[in-house]
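Trainee: Got a minute to walk through this one with me? I'd like to start with burial and charge pairs.

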Amino acid sequence: MTAREFKSLPEASKTYTKILKSLLPVIGKSHKEEQQALPEASYKVGELIIDQSNLQDYRRICGFADNGQVPPTYFAVLSQTLQMNMMVDEAFPFAMLGLVHVTNSVTQYRRIADTEVVTMEVSFANLRDHDKGKQFDFVTQVHSADELVWEGTSTYLSRQKTKGGSPTKKPKIVSETLEAQQNDIHSIFAVPEDIGRRYAMVSGDFNLIHLHAVTAKAFGFPKAIAHGMWSKAKCLSFMDLPEAYSVDVTFKLPIFLPSEVELIGDNADNLKDSEQVVFNLYNAKNKRPHLTGVIKKL
């Protein structure tokens with residue numbers, strides 16, 4: 001079991017240098033892909049002080065209010081540099097290029113002041129089979145003193161050939177289409193072409209599929225696509241969330257940039273009378289789903 005503790009979050013620039021080095025030997029079938037086991041490792045920042053300038057930029061690009069509280073998705077963003085270091089420094093079994101972020105869950109146990117000094121720890125978990133390859137989780141926990149205040153799980157898919165060697169048939173994307181009712185959350189908004197580059201500067205996630213159409217085409221996308229965690233955050237910024245809750249999101253079809261999207265969802269005020277509310281983000285032109293989400297009160 002590897003347990004590393006950092007004085008502060010690793011710098012994104014140094015992390016990407018290591019990522020580039022790690023990609024050099026990955027040609028065809030690598031030793032990594034043969035290993036098929038997650039490392040037993042956890043990476044931790046013992047005293048995490050939130051960078052107020054970065055937080056303000058994050059609020060602006062995602063639409064969150066400057067209310068003195070940490071937005072529900074912000075720790076998921078901060079944890080990504082630890083995740084990337086774990087994938088390049090440990091015996092990680094999959095190629096980083098091509099990993100697909102399929103679901104994300106965050107749980108906030110109470111409101112968290114943006115001035116609190118917290119502890120953040122990330123670990124691997126739950127390697128399992130998928131009809132397109134292998135899935136695994138990154139689990140993040142945030143403590144204030146000895147109190148667990150936030151935790152999140154990001155699930156990734158590593159696409160691999162099936163044992164028979166033939167590709168699996170791509171399933172149709174099926175999702176119940178919500179219709180906006182009175183008092184529901186309903187917004188149609190533009191997603192600009194440069195949102196991937198702007199979000200990358202704030203989040204440190206410079207995955208090439210998000211930056212420009214030219215670099216995205218190298219990975220099979222006709223255009224650059226928006227970060228999934230930006231789209232989740234943007235949806236939540238429209239909602240008046242309770243103090244303690246969980247938000248589970250499944251990422252569906254990518255948002256090609258630029259685009260126009262439509263958010264439809266139950267008003268979070270309904271959590272006073274029900275256990276959960278749902279929300280979906282669609283392509284505004286054809287109602288094809290980009291993400292589906294569920295908010296549950298604790």
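Mentor: Terms up front: buried means under 20% relative accessible area, exposed over 50%, partly exposed in between (1.4 Å probe, protein chains only). This is a predicted model, where local features need pLDDT of at least 70, side-chain atom pairs count only at pLDDT 80 or more, and totals for chains, interfaces and linings use all residues. Residues are numbered from 1 along each chain as its sequence is written, and side-chain values use heavy atoms, with hydrogens and water left out.

Trainee: OK. Is Arg59 buried or exposed?

Mentor: Arg59 is buried, at a relative accessible area of 2%.

Trainee: Which residue does Arg59 form a salt bridge with?

Mentor: Asp66, with the closest N and O atoms 3.1 Å apart. A salt bridge here is a side-chain nitrogen of Lys or Arg within 4 Å of a carboxyl oxygen of Asp or Glu. Asp66 itself counts as exposed, at 55%.

Trainee: What network are Arg59 and Asp66 linked in?

Mentor: A network of salt bridges that includes Asp114.

Trainee: How many salt bridges does the count come to?

Mentor: The count is 12 salt bridges. One of them joins Arg60 and Asp57, 2.4 Å from N to O. Those two sit 3 residues apart in helix α3, about one helical turn. Helices (H or I, at least four residues) and strands (E, at least two) are DSSP runs, numbered from the N terminus. Arg60 is exposed at 57%, and Asp57 is partly exposed at 30%.

Trainee: And Asp129, which residue does that one bridge to?

Mentor: Lys134, at 2.4 Å between the closest N and O atoms. Asp129 is exposed at 61%. Lys134 counts as buried, at 19%.

Trainee: Switching to helices. Why is α7 largely enclosed?

Mentor: Helix α7 covers residues 228–236, and 8 of its 9 residues are buried, so the rest of the structure largely encloses it. Among the buried ones are Trp230, Lys232, Lys234 and Leu236.

Trainee: What about Ile50, where is its place?

Mentor: In the loop between β2 (41–48) and α3 (52–62). Ile50 is buried, with a relative accessible area of 8%. Its C-alpha lies 7.8 Å from that of Glu116, 66 residues apart along the chain.

Trainee: Last one. Where is Leu97 found?

Mentor: Leu97 is in the loop between α4 and β3. It is partly exposed, at 47%.
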